[in-house]
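Take a moment with the sequence and the 3D view. We will walk through the sheet, then the helices, then the charged pairs.

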Amino acid sequence: MFTVDDVRQFARTLPRSSEHLIRDRVKFRVGKIVYVAFSRDETLMGFGFPKEERAALVAAEPAKFLLPRESDLRFNWVVARTNALDPGEMRELVLEAWRMCVPRKVRLEQEQAGKVRLEQEQAATRTTP
């Protein structure tokens, strides 16, 4: 399980990401595009996800994922139960949702920075006795 604070901490590392409180709901955006939003009680996290793949995701893991409300079906959006996801899954879903919203150049810069960081971590673990 994870909290909104966990998402907030991770989202701060993503370029162009900003947090907003809209109608008592925490939302994370890139520009005007919302890529993650929490329910008021923070038990559900909606996130950007390709429409074409969402039915398969929900069918594969109905205990974790649900379809968005009917008015949101037109968007690239799906909903997850926060108590059913571990922090690693949350980071992966938030990162992929963010990638759907940012320009390609920004996405590629972030991916390159992640590769460099991973290489540095691997080098540090190899040199430590």
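In this predicted model, 6 strands form an open sheet. Read across the sheet, the order is β1-β2-β3-β4-β6-β5. The pairing is antiparallel. Strands of a sheet pair through backbone hydrogen bonds, and the sense can be parallel or antiparallel. Two strands sit at the edges: β1 (17-22) and β5 (65-66). Each of these edge strands pairs on one side only.

Start at the β1 edge. Strands β1 and β2 run antiparallel, and 6 bridges join them. Within this pair, I22 stands opposite R25 in β2. The two strands form a hairpin, with 2 residues between them. One residue in the turn is R23, and its phi is positive, about 50°.

Now move along the sheet to β4 and β6. Strand β4 covers residues 44-48, and strand β6 covers residues 77-81. They pair in the antiparallel sense over 5 bridges. Here F47 stands opposite V78 in β6.

Which helix packs on the sheet? Helix α3 does. It touches β1, β2 (25-30), β3 (33-38), β4 and β5. The direction of α3 makes about 155° with that of β3.

Helix α3 (residues 87-101) also meets helix α1 (residues 4-11). Their axes come within 11 Å and cross at roughly 50°. That angle makes α1 oblique to α3. The crossing of α1 past α3 is right-handed. Which residues make the contact? From α1 come D6, V7 and F10. From α3 come M90, R91, V94 and L95. Sorted by class, the contact of α1 with α3 has 5 nonpolar residues, 2 charged residues and no polar ones.

Charged side chains come next. Side chains of opposite charge can pair when their charged atoms come close. How many salt bridges does the structure hold? There are 6 salt bridges. One salt bridge links the side chains of E19 and R8, at 2.7 Å from N to O. E19 lies in strand β1 and R8 lies in helix α1, so this pair ties together parts that are 11 residues apart in sequence.

Look back at the whole. Helix α3 packs on the sheet, and α3 is in contact with α1 through residues such as V94 and L95. Helix α1 also has its own link to strand β1, through the salt bridge of R8 with E19.

Definitions and conventions. Residues are numbered from 1 along each chain as its sequence is written. This is a predicted model: local features need pLDDT of at least 70, side-chain atom pairs count only at pLDDT 80 or more; totals for chains, interfaces and linings use all residues. Side-chain values use heavy atoms; hydrogens and water are left out. Axes are lines fitted to C-alpha atoms, for helices over the stretch in contact, and angles run from 0 to 180 degrees between N-to-C directions. Helices (H or I, at least four residues) and strands (E, at least two) are DSSP runs, numbered from the N terminus. Angles under 35 degrees count as roughly parallel, over 145 as roughly antiparallel, 65 to 115 as roughly perpendicular and the rest as oblique. A crossing is left-handed if the near helix is turned anticlockwise from the far one by less than a right angle, and right-handed if clockwise. Contact means heavy atoms within 4.5 Å. Ala, Val, Leu, Ile, Met, Phe, Trp, Tyr, Cys and Pro count as nonpolar, Asp, Glu, Lys and Arg as charged, and the others, Gly among them, as polar. Two strands pair if DSSP finds at least two bridges between them. A salt bridge is a side-chain nitrogen of Lys or Arg within 4 Å of a carboxyl oxygen of Asp or Glu.
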